[in-house]
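Work through the following exercises with the model open beside you, and try each task before reading its solution.

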Amino acid sequence: MDLRKIKKLIELVEESGIEELEVQKGDESVRIVRPSATARAVRESGAAETGGSPVADGFVTARAPMAGTFYAAPEPGADRFVGPGAAVGVGETLCIIESMKMMNEIPAEVDGVVIDVLVADGEPVARGQGLFRIAR
């Protein structure tokens with residue numbers, strides 16, 4: 001893909017206000033991601049954009065590593081991966097975020113107990129947005 005076309009795509013993303021754009025032509029592809037307001041607020045507050053945030057008052061906030069659609073269960077009608085009161089271990093699936101037509105399992109990065117689920121099933125999430133509060 002030619003550099004002029006990529007620059008034009010970047011301009012289109014900035015002007016349109018969309019957060020992500022991926023273009024594929026043959027075996028070449030380019031993905032342009034614009035930071036969301038939530039991600040900027042997370043960065044400014046000093047919390048990590050991906051993974052858990054620093055421990056505050058004994059809690060860790062599990063955050064969305066990407067923008068997409070939050071799913072609490074592996075499929076419609078199935079039991080949730082975790083809910084309030086659930087004990088979780090490092091690597092255990094907390095939820096799925098669908099992004100760019102791909103289902104991404106989001107693992108726990110700490111051992112603990114889920115205190116709050118901060119997002120409703122099927123709700124869009126921004127990169128860096130809090131998903132769960134976990135007590136350590």
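## Exercise 1: a hairpin

In strand β2, Val30 is the residue that stands opposite Val23. Strands here are DSSP runs of E with at least two residues, helices are runs of H or I with at least four residues, and both are numbered from the N terminus. Two strands pair if DSSP finds at least two bridges between them.

The model is a predicted one, in which local features need pLDDT of at least 70 and side-chain atom pairs count only at pLDDT 80 or more, while totals for chains, interfaces and linings use all residues. Residues are numbered from 1 along each chain as its sequence is written, and side-chain values use heavy atoms, with hydrogens and water left out.

Task: describe how β1 and β2 pair, and find the residue with a positive phi in their hairpin.

Solution. Begin with the strands: β1 covers residues 20-25 and β2 covers residues 28-33, and the two pair in the antiparallel sense over six bridges. Next, take another bridge, in which Leu21 has Ile32 of β2 as its partner. Finally, turn to the connection, where two residues lie between the strands and Gly26 takes a positive phi near 65°.

## Exercise 2: the chain as a whole

Task: give the order of the elements in the protein chain, and state how confident the prediction is.

Solution. First count the elements, which are two helices and 11 strands; from the N terminus on, they run α-β-β-α-β-β-β-β-β-β-β-β-β. Then consider pLDDT, the predictor's confidence in each residue from 0 to 100: its mean over the protein chain is 81, and 82% of the residues reach 70 or more. Over residues 37-54, however, the pLDDT is below 50, although this stretch has 37 contacts in the model beyond near neighbours in sequence; a contact means heavy atoms within 4.5 Å. Of the contacts in the protein chain with a separation of 6 or more, 52% are between residues 24 or more positions apart.

## Exercise 3: an open sheet and the loop at Ala67

Task: set out the strand order of the four-stranded open sheet, then examine the surroundings of Ala67.

Solution. The order of the sheet is β8-β7-β5-β10, with antiparallel pairing, and its edge strands are β8 and β10 (124-125), each of which pairs on one side only. Between β5 and β10 there are two bridges, and in one pairing Gly68 has Val125 of β10 as its bridge partner.

Ala67 itself belongs to the loop between β4 (59-63) and β5 (68-71). With a relative accessible area of 13%, Ala67 is buried, a class that means under 20%, whereas exposed means over 50% and partly exposed lies in between (1.4 Å probe, protein chains only). Leaving aside neighbours within four places in sequence, Ala67 is in contact with residues including Glu19, Glu20, Ile97, Val125 and Arg127.

Two separations complete this step: the C-alpha atoms of Ala67 and Glu20, 47 residues apart along the chain, are separated by 8.5 Å, and those of Arg127 and Ala67, 60 residues apart along the chain, by 4.5 Å. Arg127 is placed in the loop between β10 and β11 (130-135) and, at 34% relative accessibility, counts as partly exposed.

## Exercise 4: positive phi in a loop

Task: which loop holds Met100, and what phi does Met100 have?

Solution. As background, most residues other than glycine have a negative phi. Met100 lies in the loop between β7 (93-99) and β8 (102-107); it is not a glycine, yet its phi is positive, at about 55°. Lys101, found in the loop between β7 and β8, also is not a glycine and has a positive phi of about 65°. As for accessibility, Met100 counts as partly exposed at 38%, while Lys101 counts as exposed at 78%.
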